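The following exercises introduce a structure step by step. Please attempt each task before reading its solution.

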Amino acid sequence: MSGSSLRKKGDAVGDGALAEQVKAGDVRAISRLITLIELEDPEATAALKQLDGTRGHAAVIGITGYPGAGKSTLINQLATAYRRQGKKVGIVAVDTTSPLTGGAILGDRIRMQDQSCDTGVFIRSMATRGQRGGLARATRQTLEVLEAAGYNVILVETVGVGQNEVEVAFVVQTVVVVVAPGLGDEVQAMKAGLLEVAHIVVVNKGDRENADATVRDLADWVPLVIRTIALKGEGIAELITAIEARPCIR
Amino acid sequence: MVVATKPIRVLVGKVGLDGHDRGIKLVARALRDAGMEVIYTGLHQTPEQVVNTAIQEDVRAIGLSVLSGAHNHLFRRVLELLKAQGAGDIAVFGGGIIPDEDIPGLKAAGVRALFPPGTAMHEIVIFVKGLQR
């Protein structure tokens with residue numbers, strides 16, 4: 001955990017093989033490096049330094065929103081669509097670490113089973129390990145690893161957030177906030193926090209009662225509202241078009 | 001705030017076609033409460049899915065629940081795939097309805113531990129904590 005050990009020269013690191021394996025897209029190496037980043041191991045620092053500058057031009061998209069709004073299911077659909085375009089997809093899915101025990105249940109993958117045998121998709125679940133803001137401390141550098149490993153589209157799922165967890169806005173190019181209908185009063189309350197960082201707001205579960213009203217209410221406050229039914233794949237093409245229309249600056 | 005610096009990462013889930021997930025959910029929760037990061041994959045996993053997930057998640061161990069009777073095939077297939085992917089260091093353990101006479105064969109094949117019905121949760125926790133990377 002100490003910063004000084006991180007700054008140590010790469011002496012304990014060996015020959016830099018890990019970074020080379022990551023660049024070659026070796027899945028074991030990628031997942032090992034992510035573990036080392038999470039542990040703040042000096043080897044991770046050295047490998048990241050080696051990877052610096054080798055990064056491609058990945059589209060990095062943050063998917064955030066309330067617990068149960070459908071973030072994981074939406075990501076599953078986005079991944080499927082991007083795979084059809086021939087793109088390699090990296091996914092980082094963050095869930096909460098227990099403040100009481102330090103343990104975590106990382107269950108986002110359950111909604112992403114369509115991807116679990118596709119070698120063009122890499123999914124990593126990550127616990128917050130005490131970090132606030134909706135992401136883990138290791139998330140940003142993990143995105144760098146996935147980009148260096150050649151993933152073209154990287155999707156970041158935050159923990160289920162409230163109003164104030166907007167860290168994702170600082171590590172991605174496009175922020176998609178996912179909401180579900182029927183939270184009318186809370187929509188007002190959300191205005192000052194989460195919705196401010198949204199480039200696109202998705203009203204998921206769009207076949208539910210009140211979806212029209214939710215879309216209408218939000219339209220006054222955010223740049224773009226898209227209605228989806230993630231379970232059925234409806235609205236996904238529209239969402240992808242909207243993401244593509246965003247300028248890529250990072 | 002109690003956050004372990006090196007939480008153990010462990011995958012638990014169900015392989016094959018049986019849908020009885022009460023037991024594995026309890027195990028997942030016990031491991032969580034013991035401070036581990038539990039990647040819970042849910043029902044109906046194939047051995048290929050389990051192994052791909054385990055490698056992407058860089059877990060120390062895989063715990064599988066099988067109540068369908070297909071344990072002899074499923075555990076062996078998982079071990080085989082792990083070895084083929086150069087990930088034989090990931091420990092495999094299990095539970096469910098596994099007849100006594102099948103246990104020696106599965107252990108010989110590389111399953112590290114099998115926990116029959118009635119196992120106390122802390123036995124499983126102690127086992128996973130004791131695994132060396």
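A residue counts as buried if 20 or more other C-beta atoms lie within 10 Å of its own. The model used here is predicted.

**Exercise 1.** Determine what percentage of the residues of chain A count as buried.

*Solution.* Chain A has 250 residues, and by the cut-off above 50% of them count as buried. As for secondary structure, chain A contains 9 helices and 8 strands.

**Exercise 2.** Describe the order of helices and strands in chain B, and establish how its radius of gyration relates to that of a compact globule.

*Solution.* Begin with the elements: chain B has 5 helices and 5 strands. Along the sequence they follow the pattern β-α-β-α-β-α-β-α-β-α. Next, consider the dimensions: the C-alpha trace of chain B spans about 45 × 35 × 25 Å along its principal axes. A compact globule of 133 residues would have a radius of gyration near 14 Å; chain B has 14 Å and therefore agrees. Finally, 49% of the 133 residues of chain B are buried.

**Exercise 3.** Identify the element that gives the largest share of the side of chain B that touches chain A, and state which strands of the two chains pair.

*Solution.* The contact involves 30 residues from chain B and 30 residues from chain A. On the side of chain B, the elements giving two or more residues are α1 (22-33), β2 (37-45) and α2 (47-57). The largest share, 7 residues, belongs to α2(B). By residue class, this side of chain B divides into 14 nonpolar, 9 polar and 7 charged residues. Turning to the strands, β3 (residues 104-106) of chain A pairs with β2(B) in the parallel sense over 3 bridges. Within β2(B), B:V38 stands opposite A:I105.

Notes. Residues are numbered from 1 along each chain as its sequence is written. Chains are lettered from A and ligands numbered from 1 in the order in which they are written. This is a predicted model: local features need pLDDT of at least 70, side-chain atom pairs count only at pLDDT 80 or more; totals for chains, interfaces and linings use all residues. Helices (H or I, at least four residues) and strands (E, at least two) are DSSP runs, numbered from the N terminus. A residue is buried if 20 or more other C-beta atoms lie within 10 Å of its own, exposed if 12 or fewer, and partly exposed in between; C-beta atoms are placed from the backbone. Two residues are in contact if their C-beta atoms, placed from the backbone, lie within 7 Å. Ala, Val, Leu, Ile, Met, Phe, Trp, Tyr, Cys and Pro count as nonpolar, Asp, Glu, Lys and Arg as charged, and the others, Gly among them, as polar. Two strands pair if DSSP finds at least two bridges between them. The radius of gyration is taken over C-alpha atoms; the globule rule is 2.2 Å times the number of residues to the power 0.38.
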